[in-house]
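Colleague: I have a little time before class, and I'd like to go through this structure with you. Could you take my questions as they come?

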Amino acid sequence: MIKLKDNYYRIKQMQQDADGAWFRIALLPDCEVYQGHFPGNPVCPGACNIEMLKECMQEAIGERVYIESIKQCRLTTMATPDTCPEVELKLEWKPAGEDRFSIVASLFDSNNLYMEYKGEMSV
Amino acid sequence: MTLPDIKQLIPQREPIMMVDQLDAVEGDMAKASLTIRADNYFIEEDGLLAEPGLIEHIAQSASAFAGYRAFLAGATVPPIGYIGEVKRFRCYRRPQAGETLHTIIHMGTEVEGITLLKGETRVADELVAETQMKIFMKKA
């Protein structure tokens, strides 16, 4: 069963206000996903970074969310647990109709932007 | 048409192999499939596949297509592809364990190692997800 928290990443710090949240995150090099992505060449799967973003959104609003659509998600720099062991995730959301949020997020560290995300999630 | 084993076409291995086989290739179009096992990496607590599992499945379907082209060109190791962009992704329904995903990939032209593609995933005749994607291919 997929639960990336404490397997793929660990939240080291979190700050939150009414329509946004900020996380400092450690990417865990021992996660089993790196056995297959790729053997001998650990690279963070873009799909796992999107799932991590979803889990962090759930953490922030305290509700289960579903990815209905992604307008655009750019994976601008390749992330690996070796080259970016610690990253920041910034999430901003606003209501987009009933039980639905429009989300803008970015994953970055002081050197690089790894992911820019715009999409809608429902609760 | 006999197509090579999936491990000859994609570099991903367990626990994150999200394609069982490349089923057909015709010009710029390919079909790939995955039967979702109960122990699939992206299965959630409710027994359904997490949406990013569909994205990974479409990406690996495209990777298998690119791997097949590389195989025909004589490559002995599958090329590694990275998702550069996901655009206009829609998830209409999260499939469940036991269901088989059938995905059609329409591959666009490659410019400097970046390929634009479209993917549509169905369970039987029902469209469950679709997306556009940019894949960055690195020669193995």
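Colleague: Let me start at one spot: which residue stands opposite A:Cys73 in S3(B)?

Modeller: Please keep in mind that this is a predicted model. In it, A:Cys73 stands opposite B:Val86, which belongs to S3(B).

Colleague: And how many bridges join those two S3 strands?

Modeller: There are 5 bridges between strand S3 of chain A, residues 66–74, and strand S3 of chain B, residues 80–91, and the two strands run antiparallel.

Colleague: What stands opposite A:Cys73 in S6(A)?

Modeller: In S6(A) the residue opposite A:Cys73 is A:Tyr117. Strand S6 of chain A covers residues 113–122, and 7 bridges join S3(A) to this antiparallel strand.

Colleague: OK, zooming out, what is the order of the strands in the open sheet?

Modeller: The open sheet has 12 strands with antiparallel pairing, and the order is S1(A)-S2(A)-S4(A)-S5(A)-S6(A)-S3(A)-S3(B)-S6(B)-S5(B)-S4(B)-S2(B)-S1(B). At the edges stand strand S1 of chain A (9–17) and strand S1 of chain B (21–26), each with a single partner strand, so one side of each has no neighbour in the sheet. From one strand to the next, the twist averages 25°.

Colleague: What holds strands together in a sheet, generally?

Modeller: Strands of a sheet pair through backbone hydrogen bonds, and the pairing can be either parallel or antiparallel.

Colleague: Which strands does helix H2 of chain B touch?

Modeller: Helix H2 of chain B, residues 51–72, packs on the sheet and touches S3 of chain A as well as S1, S2, S3, S4, S5 and S6 of chain B. The direction of this helix makes about 55° with that of S4(B).

Colleague: Switching to helix H1 of chain A, is it mostly covered or mostly exposed?

Modeller: H1(A) is mostly covered, with 14 of its 16 residues buried. The helix runs over residues 46–61, and at 1.5 Å a residue it should span 22 Å, which agrees with the 23 Å between its end C-alpha atoms. Just after H1(A) comes A:Gly62, which takes a positive phi of about 70°.

Colleague: Take A:Asn49 then, is that one buried or exposed?

Modeller: A:Asn49 lies in helix H1 of chain A, and this residue counts as buried because its relative accessibility is 4%, where buried means under 20%. If its neighbours within four places in sequence are left aside, A:Asn49 is in contact with A:Tyr8, A:Cys44, A:Ala79, A:Leu107 and A:Met115.

Colleague: New topic: how many salt bridges are there over all chains?

Modeller: The count comes to 18 salt bridges over all chains. One of them is between A:Glu86 and A:Arg24, whose closest N and O atoms are 3.4 Å apart. This pair links distant parts of the chain, since A:Glu86 is in strand S4 of chain A (residues 86–95) and A:Arg24 is in strand S2 of chain A (residues 20–27), 62 residues apart.

Colleague: How accessible is A:Glu86, and what about A:Arg24?

Modeller: A:Glu86 counts as partly exposed, at 32% relative accessibility, and A:Arg24 is also partly exposed, with a relative accessible area of 25%.

Colleague: Which residue does B:Asp39 meet in a salt bridge?

Modeller: The side chain of B:Asp39 meets that of B:Arg37, with 3.0 Å from N to O. B:Asp39 is exposed, with a relative accessible area of 54%, whereas B:Arg37 counts as partly exposed at 48%.

Colleague: Last topic, the two chains: how many residues does each one bring to the contact?

Modeller: The contact takes 31 residues from chain A and 30 residues from chain B. The area buried between the two chains is about 2,600 Å², and carbon and sulfur atoms give 60% of that area. On the side of chain B, the three residues B:Tyr41, B:Glu51 and B:Tyr82 supply 21% of the area that this chain buries against chain A, which is more than any other three residues.

Colleague: And how many salt bridges cross the interface?

Modeller: There are 3 salt bridges across the interface of chain B and chain A. In the pair formed by A:Lys54 and B:Glu51, the side chains meet in a salt bridge with 2.7 Å from N to O.

Note on methods: Residues are numbered from 1 along each chain as its sequence is written. Chains are lettered from A and ligands numbered from 1 in the order in which they are written. This is a predicted model: local features need pLDDT of at least 70, side-chain atom pairs count only at pLDDT 80 or more; totals for chains, interfaces and linings use all residues. Side-chain values use heavy atoms; hydrogens and water are left out. Two strands pair if DSSP finds at least two bridges between them. Helices (H or I, at least four residues) and strands (E, at least two) are DSSP runs, numbered from the N terminus. Axes are lines fitted to C-alpha atoms, for helices over the stretch in contact, and angles run from 0 to 180 degrees between N-to-C directions. Contact means heavy atoms within 4.5 Å. The expected span of a helix is 1.5 Å times one less than its number of residues. Buried means under 20% relative accessible area, exposed over 50%, partly exposed in between (1.4 Å probe, protein chains only). A salt bridge is a side-chain nitrogen of Lys or Arg within 4 Å of a carboxyl oxygen of Asp or Glu. Buried area is the accessible area (1.4 Å probe) that two parts lose on being put together, summed over both.
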